[in-house]
Amino acid sequence: MQLQDTVAIVTGAASGLGNATAAALAARGAHVVGIDLDTSAAPALDGVTYVAADVTSEDDVRRAVAVATEQGVLRTVVNCAGIGPSARVLGKKGVHDLGLYRKIIEVNLIGTFTVMAVAAEAIAATESDEHGQRGVVVNTASIAAFDGQIGQAAYASSKGGVVGLTLPAARDLAQYGIRVCTIAPGIVETPMLATVSEEFRAGLAAGVPFPQRLARPEEYAQLALSIIEHDYLNGETIRMDGALRMAPR
Ligand code: NAP
């Protein structure tokens, strides 16, 4: 699908993978609406309009989608908003905080679903292109969906939900000419990793077969663009992890 002069929504656009993707989509000529909780410190990018919105609020999501449709023909959604706190099912302080568990599912899974569904309604109302295509949704899971580590029960559940959503969403939205794919990144150098030490980072990189380093946000953006521009990719989750399979800890 062509991106030039179309409109794209990117969530989590103020930071990390979302920011790199917003920049890459804008460089391809898309008008990007970048959604994030706090957009005040988001880097200014040509072609990107930031909208402060919480993906767990249907009202916020509807408002952001309305901003997008005012700008032109909405074709693309890339869901990158997410959170990744860790806690054990049963730890020294007792049972996993159930409010935290709910919050992680709410942001990572229900937020992704809400943005996809509300945006799909707007995309379905557009004219299709000459191939019957109307749009593409790219969601973000994690390799934790498959090899979640100690402390990742909530995060891995949320990302497993995103993986499970991919095929039925693609089937549901096929009648509107909308494709749905998911990227499951390994470990990417983003602010989400800002709190870990250099030594820990080096240890993470050493565990990646090849290339033996952390992934770059631009590599995620490159894959998102490839999915969007590849008309036959649909209903699939693609790992982007340098062949990393995570150990229990
Ligand atoms: P990031 O730098 O923390 O960016 C995520 C952005 O989403 C942040 O700006 C965050 O805002 C925002 N956000 C959080 N909750 C939100 C909400 N309710 N509504 C709107 N925006 C919200 O993280 P990242 O590394 O780019 O991660 C992007 C996605 O990739 C996440 O889904 C993450 O789980 C996934 N992922 C990342 C890695 C990795 O190694 N980095 C690996 C696998 C998967 P705040 O900063 O204010 O919370």
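**View 1. The largest nonpolar core, centred on two well-connected residues.** In this predicted model, the largest nonpolar core holds 31 residues, and Leu25 and Tyr220 are the ones that touch the most other members. Two or more residues come from each of β1 (7–11), α1 (16–27), β7 (135–140), β8 (178–185), α7 (217–229) and β9 (237–240). The top contributor is α7, which gives 7 residues to this core. As general background, nonpolar side chains tend to be buried together in soluble globular proteins.

**View 2. Tyr220 and its contacts from elsewhere in the sequence.** Let's look at Tyr220 with its neighbours within four places in sequence set aside. Its contacts then include Leu17, Thr21, Val78, Asn79 and Cys80, along with Val138, Asn139 and Thr140. Ile183, Pro185 and Met240 are also in contact with Tyr220. A separate, second core has 29 residues, among them Val118, Val137, Leu165 and Val180.

**View 3. Polar contacts between protein and ligand.** A backbone N or O atom of Leu17 sits 2.8 Å from a ligand oxygen atom. From the side chain of Asp54, an N or O atom lies 2.8 Å from a nitrogen atom of the ligand. Cys80 joins in through a polar backbone atom, 3.4 Å from an oxygen atom of the ligand. On its own the ligand exposes 890 Å², and the protein buries 86% of that.

**View 4. The shell around the ligand.** Here you can find the 26 residues that surround the ligand, with Ser15, Asp36, Tyr155, Val188 and Thr190 the closest. Sorted by class, the shell comprises 15 nonpolar, 8 polar and 3 charged residues. The elements giving two or more residues to this shell are α1 and α5 (153–173).

Technical notes. Residues are numbered from 1 along each chain as its sequence is written. This is a predicted model: local features need pLDDT of at least 70, side-chain atom pairs count only at pLDDT 80 or more; totals for chains, interfaces and linings use all residues. Side-chain values use heavy atoms; hydrogens and water are left out. A nonpolar core is a set of buried Ala, Val, Leu, Ile, Met, Phe, Trp, Tyr and Cys residues joined through side-chain atoms within 4.5 Å. Buried means under 20% relative accessible area, exposed over 50%, partly exposed in between (1.4 Å probe, protein chains only). Helices (H or I, at least four residues) and strands (E, at least two) are DSSP runs, numbered from the N terminus. Contact means heavy atoms within 4.5 Å. A residue is near a molecule or strand if one of its heavy atoms lies within 4 Å of it. A polar contact is a pair of N or O atoms within 3.5 Å; within protein, one must be able to donate a hydrogen and the other to accept it, and residues adjacent in sequence count only if both atoms are side-chain atoms. Accessible areas come from the Shrake-Rupley method with a 1.4 Å probe; for residues, only the protein chains shown count as cover. Ala, Val, Leu, Ile, Met, Phe, Trp, Tyr, Cys and Pro count as nonpolar, Asp, Glu, Lys and Arg as charged, and the others, Gly among them, as polar.
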